[in-house]
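Visitor: I'd like to go through this model and hear the reasoning behind the labels people put on it. Can we take it a step at a time?

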Amino acid sequence: MKNQKTLPKHRYTSPSIVIGALVAGLLLFFANTASWVNKQVFDTTNFTATAKSALLSSSSRDALASEIVGKALADRPVIDRVAGDTLTRMISGLLGSDQFAKVFDVAISHAQSYLISSNQKTIAFDLSGIKQPVERVIIAIGDTTENPDLNGQRISQIPDQIVLIDSDKVPDLYKLSVAFYVAGPILLVIALVILAIPYIKRPVKWAYILICQGIAVLLSGVFALIIGPFARPPILSLMPDDNIRTVVANVYNAFIATFNAQSWWLVWAGIVAIVVGVLVTFWPKIRALYKIVRNEIRDARKNHRQAKKHTAKS
């Protein structure tokens, strides 16, 4: 038993390298998320630009207009059938006008405050300035003009605001946002240290290390890209109806698009690392195979020329 030799371990068997790479990949995912939070959530310019582009899209304005008309004409189905589409188009156009821009700015400011401060505010659109234009359209259509009191009563059914996110019904994200803001640089430094240690301890295996780390980074990038579609349904399920769900979905998609665009660097970094590692690891075999193929082609050409000469002589 004492003289029995143990089987040598494969030169690429190193669980510590694999585990370290996976841990570093996970940290890079969180560091990437933290970087995105810093750029898109805490930066007012970027946050406003992304949110406003989504809210001013035609589908968002149409959804908000449909919500307003639906509430205003809830008890007036005849007008809804006759003038509902006209009102919806008119209000949708009004929402895209300059006079309504301040309403969007206030809602966007409240949305950012909800994410980056402990002062949680309900995210809503103030509609007090839209009641008179709607009333004029209804009067122009000729409905209930002989009964102004009834008309005024119905117009007052337009809500003073359309609530997108009720702060009492949605989880508090302030602490999570701040945690990402603070921890982002720390996680990035830790990840880089973990990635660097194997090269110091085992420099001979650097190509194998690069492959393992490339796979881990690629997986973290892929996970970042697929997390958006998985998080979307539970977020939208908190919305009260289809119109509000459409608006929130547009905003969500706009921000996720910026997150995905940033996360692609993880995917490409992982692919490059894998390709370089594989090429270096198998380069001797690739070179030897290339020489064999080259020699075979050379011999085949030589034999072909000799056969042609022999045929010509005969």
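**The pocket and its lining**

Guide: Sure, and keep in mind that this is a predicted model. Let's start with the largest pocket, which has 35 lining residues; Trp-36, Leu-115, Leu-173, Ile-235 and Tyr-252 are the ones nearest its centre. About 1100 Å³ of space lies in that pocket.

Visitor: Which elements give two or more residues to the lining of the largest pocket?

Guide: Quite a list: α1 (15-41), α2 (44-55), α5 (101-116), β1 (123-126), β2 (161-165), α8 (174-201), α9 (206-236) and α10 (242-313). The largest share, six residues, comes from α10.

Visitor: What is the lining of the largest pocket like by class?

Guide: It has 32 nonpolar residues, three polar ones and no charged ones.

Visitor: Now the rings. Why is the pair of Phe-29 and Phe-30 called edge-to-face?

Guide: Their ring centres are 5.2 Å apart, and the cut-off for a pair is 6.5 Å. The planes meet at 70°, and edge-to-face takes over 60, so the label fits. By this rule the count comes to six aromatic pairs. Phe-29 and Phe-30 also form one aromatic cluster with Phe-223.

Visitor: Is Phe-29 buried or exposed?

Guide: Buried: its relative accessible area is 7%, and buried means under 20%.

Visitor: What makes Phe-30 partly exposed?

Guide: Phe-30 has a relative accessible area of 32%. Partly exposed is what lies between the 20% and 50% cut-offs, so Phe-30 gets that label.

Visitor: Why does Thr-88 count as buried?

Guide: Thr-88 comes out at 18% relative accessibility; the cut-off is under 20%, so Thr-88 counts as buried. Thr-88 is found in helix α4 (residues 77-95). Leaving out residues up to four places away in sequence, Thr-88 touches Asp-62, Ala-65, Ser-66 and Val-69.

Visitor: How do you know that the span of helix α3 agrees with what it should be?

Guide: Helix α3 (residues 58-72) has 15 residues, and at 1.5 Å a residue they should span 21 Å. The end C-alpha atoms are 21 Å apart, so the two agree. Among the buried residues of α3 are Ala-65, Ile-68, Val-69 and Ala-72.

Visitor: Why would residues three or four places apart point the same way?

Guide: An α-helix has 3.6 residues a turn, so such residues point the same way.

Visitor: And how many helices and strands are there in the protein?

Guide: Ten helices and two strands, following the pattern α-α-α-α-α-β-α-α-β-α-α-α along the sequence. Of the 314 residues, 37% count as buried.

How values were computed. Residues numbered from 1 in each chain as written. Predicted model: local features only at pLDDT ≥ 70, side-chain atom pairs only at ≥ 80, totals over all residues. Heavy atoms only, no water. Helix = DSSP H or I, 4+ residues; strand = E, 2+ residues; numbered from the N terminus. Expected span 1.5 Å × (residues − 1). Buried < 20%, exposed > 50% of the residue type's maximum accessible area, 1.4 Å probe, protein only. 1 Å grid on protein atoms, 1.4 Å probe; cavity = no way out; pocket = protein on both sides within 12 Å on 5 of 7 lines; lining within 4 Å. Points joined across faces, edges and corners; volume = space filled by probe spheres on them. Nonpolar A, V, L, I, M, F, W, Y, C, P; charged D, E, K, R; others polar. Phe/Tyr/Trp six-rings, centres within 6.5 Å; stacked < 30°, edge-to-face > 60°. Contact = heavy atoms within 4.5 Å.
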